[in-house]
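This report describes selected features of a single structure, shown below. It takes up a loop residue, then a sheet with the helix that packs on it, and finally a pair of helices.

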Amino acid sequence: MIIATWNVNSISVRLPQLIDWLQTHKPNVVCLQETKTVDDKFPFEKLSEVGYNCEFFGERSYNGVAILSDRPIMNVRKGFIDGDEQSQKRLIEAEIDSVHIINVYIPNGSAVGSSKYEFKLDWLQRLHHHIAHNHDMNKQLVLCGDFNIATEDIDCYNAELVKGTIMVSDAERSSLDQVKALGFVDTFRMHNKEAGQFSWWDYRMGCFRRNMGFRIDHIWASESLASQCESVFIDKAPRKMERPSDHAPVVAKFN
DNA sequence: ATGGTGGATGGTCCA
């Protein structure tokens, strides 16, 4: 089973690129973030035409997540089971061929110390609670998406320069570490040990051209599933195209 | 120098 995650930054703008990409890579499961559209406008017909079922949880202008699959998508749940999510559409989960998939768009957090940063930390705590109370780490479980956190210094272009700032600050890394400690493995790091491999580059200041990026899009797996992970790669090709998303897809292959 | 670029929107907000 091939599982991918991609923050598309608007499903409507990126739909042609997404369809091309699906037909090239033929992933079995694709988790999307920042679809930025209400459910009534989600282009499920066009995705159905190329062989993908869709489940989506969107809102106007911001956020929005979706799961696509060429296999039946079962037991779909949207948002946190417990507690208020302030109406932001950032989590969708489902079961596909006995693999439980949790797709998240973790809040960006804006700047350390801001109210959005506090919201990010709170959201991470709720994610921990949600998984601890609703999932079995002994099963085949995936937690993937745009985490908006570079977990290690080698996941950002200049650790000294960005030390303590958003996406790398101690508090958010610590909160995410607690989620990981439930029993997840970072599948990318099972197979790739080198520094300087990124999944997001700011649109501004020519960051992509200068490779000023961060690895913030992740595919984590429970140990039983991680043991079946053959390979993981970041596909930079879509980021090089005209009018790209600012994120590149990450693709994991399980046998 | 609080920029710069892109998306949704129709003023700015968000990333």
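Val38 is placed in the loop between strand 2 and helix 2. In this predicted model, Val38 counts as partly exposed, because its relative accessibility is 29% and the partly exposed class lies between under 20% for buried and over 50% for exposed. Apart from neighbours within four places in sequence, the contacts of Val38 are Gly58, Glu59 and Arg60. Val38 and Val50 are 12 residues apart in sequence, and their C-alpha atoms lie 22 Å apart in space.

**The six-stranded sheet**

Six strands form an open sheet in the order 3-4-2-1-14-13, and their pairing is mixed. Strand 3 (53–57) and strand 13 (229–234) are the edge strands, each pairing on one side only. On average, neighbouring strands of this sheet are turned by 15° against each other, direction ignored. Helix 1 packs on the sheet, where it touches strand 1, strand 2, strand 4, strand 13 and strand 14. The direction of helix 1 makes about 160° with that of strand 1.

Strands of a sheet pair through backbone hydrogen bonds, in either a parallel or an antiparallel sense. The table sets out four of the pairings, each with one pair of residues.

| Strands | Sense | Bridges | Residue pair |
|---|---|---|---|
| Strand 2 and strand 4 | antiparallel | five bridges | Val29 and Ser69 |
| Strand 1 and strand 2 | parallel | five bridges | Ile3 and Val29 |
| Strand 1 and strand 14 | antiparallel | four bridges | Ile2 and Lys253 |
| Strand 13 and strand 14 | antiparallel | five bridges | Cys229 and Phe254 |

Val29 of strand 2 thus appears with two partners: Ile3 and, in strand 4, Ser69. Strand 2 is mostly covered, with five of its five residues buried. Val29, Cys31 and Gln33 point one way from strand 2, whereas Val30 and Leu32 point the other way; all are buried.

Strand 14 is largely enclosed by the rest of the structure, because four of its five residues are buried. Val250 lies in this strand. Val250 is classed as buried because its relative accessible area is 2%, and the class requires a value under 20%. Leaving aside neighbours within four places in sequence, Val250 is in contact with Ile3, Ala4, Thr5, Ser199, Asp217, Ile219, Val232, Phe233 and Ile234. Val250 and Asn7 are 243 residues apart along the chain, yet a distance of 9.6 Å separates their C-alpha atoms.

**Helix 1**

Helix 1 (residues 11–25) spans only 18 Å between its end C-alpha atoms, whereas a straight helix of 15 residues would span 21 Å at 1.5 Å a residue. At Gln17, helix 1 bends by about 35°. Gln17 is also among the buried residues of helix 1, which are Ile11, Arg14, Leu15, Gln17, Leu18, Ile19, Trp21 and Leu22. These buried residues pack against strand 1 (2–7), strand 2 (29–33), helix 2 (44–49), strand 4 (65–69) and strand 14 (250–254). Just after helix 1, Lys26 takes a positive phi of about 50°.

**Helix 3 and helix 5**

Helix 3 has 20 residues, and the distance from its first C-alpha to its last is 28 Å, close to the 28 Å expected at 1.5 Å a residue. The buried residues of helix 3 are Tyr117, Phe119, Lys120, Leu121, Trp123, Leu124, Arg126, Leu127, His130 and Ile131. What covers them includes strand 6 (91–96), strand 7 (99–105), strand 8 (141–146), helix 5 and strand 9 (184–186).

Two packed helices are described by the angle between their axes and the distance between the axes. Helix 3 (residues 115–134) and helix 5 (residues 170–180) pack at an angle of about 10°, with their axes 9 Å apart. Helix 3 is therefore roughly parallel to helix 5, since angles under 35 degrees count as roughly parallel. From helix 3, the contact is made by Tyr117, Lys120, Leu121, Leu124, Leu127, His128 and Ile131. Helix 5 contributes Ala171, Glu172, Ser175, Leu176, Gln178 and Val179 to this contact.

Note on methods
Residues are numbered from 1 along each chain as its sequence is written. Chains are lettered from A and ligands numbered from 1 in the order in which they are written. This is a predicted model: local features need pLDDT of at least 70, side-chain atom pairs count only at pLDDT 80 or more; totals for chains, interfaces and linings use all residues. Side-chain values use heavy atoms; hydrogens and water are left out. Helices (H or I, at least four residues) and strands (E, at least two) are DSSP runs, numbered from the N terminus. The expected span of a helix is 1.5 Å times one less than its number of residues. The bend at a residue is the angle between axes fitted to the seven residues ending there and the seven starting there. Buried means under 20% relative accessible area, exposed over 50%, partly exposed in between (1.4 Å probe, protein chains only). Contact means heavy atoms within 4.5 Å. Two strands pair if DSSP finds at least two bridges between them. Axes are lines fitted to C-alpha atoms, for helices over the stretch in contact, and angles run from 0 to 180 degrees between N-to-C directions. Angles under 35 degrees count as roughly parallel, over 145 as roughly antiparallel, 65 to 115 as roughly perpendicular and the rest as oblique.
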